[in-house]
Amino acid sequence: MNEGKIGTGSNATVPHRFRLTSLDGGAAIDTYALSISNNGYVAGARGPVLWSPFRYRKGRFEIFSSIGGDGSIAAGINDHGTIVGRVHYGSSIYGFIYDHDDSLDILTNLSWAHAINSSGAVVGSMAREGGSAPFDDTYGYVWVNGIVTPLDPGFATGLVSITSANDINDDGWITGEAYNADLQRRAFLSDGTTVRDLGALGGYLSVGRGISSKGHVTGEWIGPDSPIHAFLYDGRVMRDLGTLGGRESWGYAVNARGHVVGQSLMKEGAAHAFFFDGERMLDLNALVDASAEGWVLYGATDINDRGQIVGTGSFNGRTRAFLLTPSP
């Protein structure tokens, strides 16, 4: 495949400005936002004393303590408000699907549900038989209507083990990470029948974190001298997105316009949320209006096709989830 550096993109539209909404549920407790659907449902977790999933939309903040266990986190959400994630019972971890009609499905032990699409297909990772921990030896899976189907590496040209499925779009395209024949971890793109190794820009490792409705992928790659950089695969090439001045960056989500969000180290070492506009990486802290007074945005974890962004930052010293909405 072709690989290259970011150049001028046709999707670049600047300046961008955002209005911030604090997702704290009115309580003096830490919150973390991890996912946003295209119609504005937000999912995350509140903690850290006893983690509980939350769902937010249009001013309504809901806590799902009914999932039970010894703490749980919502990692993904779809347009129906169905959340997926993981729940802890002692030393055991189970993936869960909590439907909009309040039905709850618990997956097998040592599993994690990462994302869900509008059709209700869930992807994640699960321990192989005999594994001692969720991510010591895992395989990616797809869950549909109560049936778990492992992602079979047999169809994967050059890939011998798909270890995690991290995101899925509404057309059923999946990204995540796999091992190739040289035991190098690689980002992949799969339609469930075929799979593509997205490469690593000359490095040895890459991970796919987020996928758009167009099948574009973001994540991170590691080069020979071990800098970690966010990348964007646009259907043709994998491109290095650079950083905000520091050594490392991570791409977490990409939308239909090719806008990417994630986290980057600054020159002085602090972590800031970033927004890639199709042409360049920008510090989200410089793109918010007066509603963000008192905030530092540490990381952006998801972006939808409306341009709404969720993530986690600090407000007057307390960890808070945020929602950014493009200003008119």
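Me: A charge is taken to sit over a ring if NZ of Lys or CZ of Arg is within 6 Å of the ring centre and within 35 degrees of the ring normal. In this predicted model, what makes R86 count as lying over the face of W112?

Reply: R86 lies 4.0 Å from the ring centre of W112, and this value meets the distance limit because a separation within 6 Å is required. R86 is accordingly listed as lying over the face of W112. A second arginine, R57, lies over the face of Y41, at 4.9 Å from the ring centre, which also satisfies the limit of 6 Å.

Me: Why are F18 and F275 called an edge-to-face pair?

Reply: Two rings pair if their centres lie within 6.5 Å, and planes over 60 degrees apart count as edge-to-face. The centres of F18 and F275 are 5.7 Å apart and their planes stand at 70 degrees, so both conditions are fulfilled and the name follows. Since F18 belongs to strand β2 and F275 to strand β25, the pair ties together parts that are 257 residues apart in sequence. The search of the whole structure finds 7 aromatic pairs, and F18 with F275 is one of the pairs described here.

Me: How do you know whether F18 and F275 are buried or exposed?

Reply: A residue is called buried when its relative accessible area is under 20%. F18 has a value of 2% and F275 a value of 1%, so each falls under the cut-off and counts as buried.

Me: What makes W295 and F322 an aromatic pair, and of which kind?

Reply: Their ring centres are 6.3 Å apart, with 90 degrees between the planes, and these values lead to the edge-to-face class because the limits are 6.5 Å for the centres and over 60 degrees for the planes. W295 lies in strand β27 and F322 in strand β29, so the pair joins parts that are 27 residues apart in sequence. Both residues are buried, and together with F315 they form one aromatic cluster.

Me: Which residues touch the most other members of the largest nonpolar core, and what does L284 contact?

Reply: The largest nonpolar core has 18 residues, of which F18, F275, L284, L297, I309 and L324 touch the most other members. Strands β2 (18-23), β25 (271-276), β27 (295-303) and β29 (318-326) each supply at least two residues of this core, and β27 gives the most, with 4 residues. When its neighbours within four places in sequence are left aside, L284 is in contact with F18, A273, F274, F275, L297, A300, I309 and L324. Apart from this core lies another, of 13 residues, including A121, L159, I168 and A178.

Me: Why are β23 and β26 called the edges of their sheet?

Reply: The sheet is open and has 4 strands in the order β23-β24-β25-β26, with antiparallel pairing. β23 (245-254) and β26 (281-283) each have a single partner strand, so one side of each is left without a neighbour in the sheet. From one strand to the next, the twist of this sheet averages 35 degrees.

Me: How do you know that β23 and β24 pair, and what makes β23 largely enclosed?

Reply: Pairing requires at least two bridges, and 6 bridges join β23 to β24 (residues 260-266), with the strands running antiparallel, so the requirement is met. Among the bridges, A253 has V261 as its partner, and V254 has V260. The hairpin of these strands has 5 residues between them, and there G258 takes a positive phi near 80 degrees. As for enclosure, 7 of the 10 residues of β23 are buried, so the strand is largely enclosed by the rest of the structure.

Me: How do you know which strands pair in the sheet that contains β16?

Reply: This open sheet has the order β15-β16-β17-β18, with antiparallel pairing, and its edge strands are β15 (159-168) and β18 (195-197), each pairing on one side only. There are 7 bridges between β15 and β16, 6 between β16 and β17, and 3 between β17 (residues 185-190) and β18, so every one of these counts reaches the minimum of two.

Me: What makes β16 a mostly covered strand, and which residue stands opposite I174?

Reply: Strand β16 (residues 174-180) has 6 of its 7 residues buried. I174 stands opposite S190 in β17, and the bridge partner of S190 in β18 is V195.

Key
Residues are numbered from 1 along each chain as its sequence is written. This is a predicted model: local features need pLDDT of at least 70, side-chain atom pairs count only at pLDDT 80 or more; totals for chains, interfaces and linings use all residues. Side-chain values use heavy atoms; hydrogens and water are left out. Axes are lines fitted to C-alpha atoms, for helices over the stretch in contact, and angles run from 0 to 180 degrees between N-to-C directions. A nonpolar core is a set of buried Ala, Val, Leu, Ile, Met, Phe, Trp, Tyr and Cys residues joined through side-chain atoms within 4.5 Å. Buried means under 20% relative accessible area, exposed over 50%, partly exposed in between (1.4 Å probe, protein chains only). Contact means heavy atoms within 4.5 Å. Rings of Phe, Tyr and Trp (its six-membered ring) pair if their centres lie within 6.5 Å; planes under 30 degrees apart count as stacked, over 60 as edge-to-face and the rest as tilted.
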